[in-house]
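Q: Could you take a close look at the salt bridges in this one and walk me through them?

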Amino acid sequence: MKKIARRLIIVILGLTIFFIISYLWGRSFKSSIRSDLRTELIEYCKNNGLSERYCIVVDYSIYSGKDRLFIVDLENNQIVYSSLCGHGIGKNYDCIVKPKFSNVIGSNYSSLGHFKLGTIRKTSKYNLNAIELRGLDSTNSNAYARGILIHDGLPNVKIIGLPCLPISQGCFTVSSGTFKKIANIKTRSKKPMLIYSTDTSVFE
């Protein structure tokens, strides 16, 4: 009995250490985005009637197994939340680890640029929680026609070393916990929110 109890304790400790390391490995410890990017985003929001308080920034230059979606308090240039974010599956799963980008309908790639958050709803096919998006740039003008959304579907736990599985056709895929965080901030916002995606680092 003592041997079994000892082995059980070792297994539990091992799993605990593994998940702690996985969490810390994937987590972003950055507290703010580049000051020039913050200025650009505030100006963009001001000129387009979007919320100048909070926005979402997705940095696709970051490995998919690490946090790369950031909710930013633009007023104070502070990252208040970060999480994993899945990208599109592409053609024949040709971008499992690293995303590729397109504005073409049927490409299944992610798109870059500024998007406006729209209606919160359930998806018709998989009954996922989702937020509709409108592309505001030439690089993502077909976002609504493509059905590009922010939706849940990722697990809430990240595993060290593994990429974030691309399970969408170009959507921003997040965990249920992250979706609730975004939806809560969006619901409280008096103006529509911005999500900005880029393949260039958002940090200094």
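A: Let's start with K100, which is partly exposed at 38% relative accessibility. Bear in mind that this is a predicted model. The side chain of K100 meets that of D94 in a salt bridge, 3.4 Å from N to O. D94 is partly exposed as well, with a relative accessible area of 31%.

Next up is the pair E132 and R121, whose closest N and O atoms are 2.7 Å apart. E132 sits in strand β5 (residues 129–135) and R121 in strand β4 (residues 113–122), so this salt bridge ties together parts that are 11 residues apart in sequence. E132 is buried, because its relative accessible area of 17% falls under the 20% cut-off. R121, at 32% relative accessibility, counts as partly exposed.

Then there's a little group: R53, D73 and E75 are joined into one network by salt bridges that share partners. Within that group, R53 and E75 form a salt bridge with their closest N and O atoms 3.8 Å apart. The two come from distant parts of the chain, 22 residues apart: R53 is in the loop between α2 (35–47) and β1 (54–59), while E75 is in the loop between β2 (69–73) and β3 (78–83). R53 is partly exposed at 31% relative accessibility, whereas E75 is exposed, with a relative accessible area of 52%.

For the wider setting, the structure holds six salt bridges, and the protein has four helices and eight strands. Buried residues make up 45% of its 204 residues.

Terms used: Residues numbered from 1 in each chain as written. Predicted model: local features only at pLDDT ≥ 70, side-chain atom pairs only at ≥ 80, totals over all residues. Heavy atoms only, no water. Buried < 20%, exposed > 50% of the residue type's maximum accessible area, 1.4 Å probe, protein only. Salt bridge = Lys/Arg side-chain N within 4 Å of Asp/Glu carboxyl O.
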